[in-house]
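Biologist: I am new to this structure. Please take one part of it and look at it closely, then show me what lies elsewhere in the chain.

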Amino acid sequence: MPKPIHLNLFIQSRGHHETAWDHPGADPRSLMDISYYVDLAQQAEAARFDSIFFADVLMMTNDAMESGRFWPDPVIMLAALAMKTEHIGLIATGSCTYSEPYNLARQFASIDHLSNGRAGWNIVTTWVEAVAANYGREHTAHGDRYEMGEEFVASVKDLWDSWADDALVDDRSGGGVCGNLDRITPIDFKGEYYQVKGPLNVPRSPQGRPVLVQAGASDRGRDFAALHAEAIFTAHLEKETAQEFYKDIKKRAADFGRNADQVVVLPGLNPVIGGTEEEAKANLLELNSRMDPEVGRRTLSQRFAGHDFSHIDLDQPLKVSDFPDPEKLETMKSRAALIVRIVGNEGLTLRELLARFAGGRGHYTTAGTPEQIADLIEDWCTDGAADGFNYMPPVIPALMTPFIDEVIPLLQKRGLFRTEYEGATLRENLGLDRPKSRFFD
Ligand SMILES: Cc1cc2nc3c(=O)[nH]c(=O)nc-3n(C[C@H](O)[C@H](O)[C@H](O)COP(=O)(O)O)c2cc1C
């Protein structure tokens, strides 16, 4: 029996391609209509996805209007989806840099209760510089964000552990108590950035702790992910870099004394599917032909901390020297490095680079038949590049339906993907252990 793979559905707008929002194959409902997200979660659940996931940026991005990139608050969406689904994991992004541990711990523990153990937190340190102005702050440097993140995550874990599993007694027989105070403890967390007394005002949640998801990819980010994350999202344009990342992250986790099997690695996959290979390639070309290169140019500039690319002709081959050194950036160092790497390797023009990024923003984009996509998934998962995928539909529903209707059944027929959920919680479906309480177990 091959190792079972895991699939997460990553929803953004009406699809991940930057032109998806007004594509004729896109869902006509408003991006603020919760029925749209409920339908997607229910479809993903029927297809037996492990989880559905929402990213978040704490500002109106500079492509929000041209690319339809806005959505309801992800944590609030999870509460609604918890009421309309029964099995699928529910993952939302929460920022360590622009939130408080107590608020966030309470919100995600509440989602875990509401969903009977299906919550996951995508831990981010928020790389976009302009967000700081929405909080009356200066942008925090890359390394400092991870230092804050270490304290944030440690204090959140402590808050989740501050109630023993048996602390809630709810004894209504007369003269009884609701909770046993001996089984609830302050945490007295004292860090450089955060001080949290505790305990949390919510009982320990069904999973003990919601599943911790992270996507660190720089050297510092990989250590952070390897130490804390139970599922790791990651972006690769080539199988070779995915294999290098997979090996490295599992080794780092083992070096931290963790069981590397308790870290599920999920690279992004943005497949454009067609009945034949020619049709799939034509679908991708059609999507890219709708793209406005000036929107892409602005997004590229944001990735490189506002660097000016306006003087570069769209059809001019790019040079590595056209880009700032990724290591010197205080934004997302790793994605910037990935861009510079393919420019160096492939000598793309700016137009070609922007087309490459319009679909998956640096995640693996490919065009093929359902069979070819199933082959690719099987190959990466059996060749040390992935434990499954973070599936990013290019256009919803036009290009998601063939994945659900054709690719998933192929994976099931090959014995690679579940036909029924194994467990009741997200942890159980991902094969993750239930964490012990630091204070009580
Ligand atoms: C699939 C995926 C989703 C992400 N979602 C978010 C997000 O919602 N908000 C955010 O600020 N960063 C997000 N990130 C960025 C990561 O948190 C992280 O900054 C990035 O992977 C680069 O890591 P580094 O800072 O170690 O270079 C995401 C990354 C990936 C791969």
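Modeller: One cut-off first. A residue counts as buried if 20 or more other C-beta atoms lie within 10 Å of its own, and as exposed if 12 or fewer do. Keep in mind that this is a predicted model.

Try the cut-off on G15. It has 27 C-beta neighbours inside 10 Å, so it is buried. G15 sits in the loop between β1 (6-11) and α1 (34-46). Some of its contacts come from far along the chain. Leaving aside neighbours within four places in sequence, G15 touches A20, A26, P393, P394, V395, I396 and L399. Take L399: it is 384 residues from G15 in sequence, yet their C-alpha atoms are 8.6 Å apart. I396 also begins a cis peptide bond, which leads to P397 with omega near 5°. P397 belongs to the loop between β11 (388-391) and α13 (401-413).

Now the close look: the ligand and α10. Around the ligand stand 21 residues, and the closest are A55, S218, G221, F233 and S334. By type, the shell holds nine nonpolar, nine polar and three charged residues. Which elements each supply at least two residues of the shell? They are β8 (231-234) and α10 (333-346). The top contributor is α10, with three residues.

Stay with α10. The helix has 14 residues. From first C-alpha to last, α10 reaches 20 Å, close to the 20 Å expected at 1.5 Å a residue. Its buried residues are K333, S334, R335, A336, L338, I339 and V343. S334 is thus on two lists: it is buried, and it is among the residues closest to the ligand. What covers the buried residues of α10? The cover includes α5 (142-160), α6 (219-228), α9 and α11. Just after the helix, G347 takes a positive phi of about 55°.

Next, α9, one of those covering helices. It runs over residues 293-303, and its buried residues are G296, T299, L300 and R303. These cover an arc of only 105° around the axis, so they lie on the same side of α9. The general rule helps here. An α-helix has 3.6 residues a turn, so residues three or four places apart point the same way. The buried residues of α9 pack against α10 and α11 (350-360). After α9 comes A305, with a positive phi near 55°.

On to the strands. Four of the five residues of β10 (364-368) are buried, so the strand is largely enclosed by the rest of the structure. β10 pairs with β9 (264-273) in the parallel sense, over five bridges. One of the bridge partners is T366 in β10, which matches P271.

P267 is also in β9. It is buried, with 23 other C-beta atoms within 10 Å. Its contacts beyond four places in sequence include T234, H236, Y364 and F389.

Finally, compare two loop residues that are not glycine. T126 has a positive phi near 60°, and D170 has one of about 50°. T126 lies between β4 (119-124) and α5; D170 lies between α5 and β5 (189-190). Buried or exposed? T126 is buried, with 25 C-beta neighbours inside 10 Å. D170 is exposed, with 9 other C-beta atoms within 10 Å.

Methods:
Residues are numbered from 1 along each chain as its sequence is written. This is a predicted model: local features need pLDDT of at least 70, side-chain atom pairs count only at pLDDT 80 or more; totals for chains, interfaces and linings use all residues. A residue is near a molecule or strand if its C-beta atom, placed from the backbone, lies within 6 Å of it. Ala, Val, Leu, Ile, Met, Phe, Trp, Tyr, Cys and Pro count as nonpolar, Asp, Glu, Lys and Arg as charged, and the others, Gly among them, as polar. The arc is that of the directions from the helix axis to the C-beta atoms. Two residues are in contact if their C-beta atoms, placed from the backbone, lie within 7 Å. The expected span of a helix is 1.5 Å times one less than its number of residues. Two strands pair if DSSP finds at least two bridges between them.
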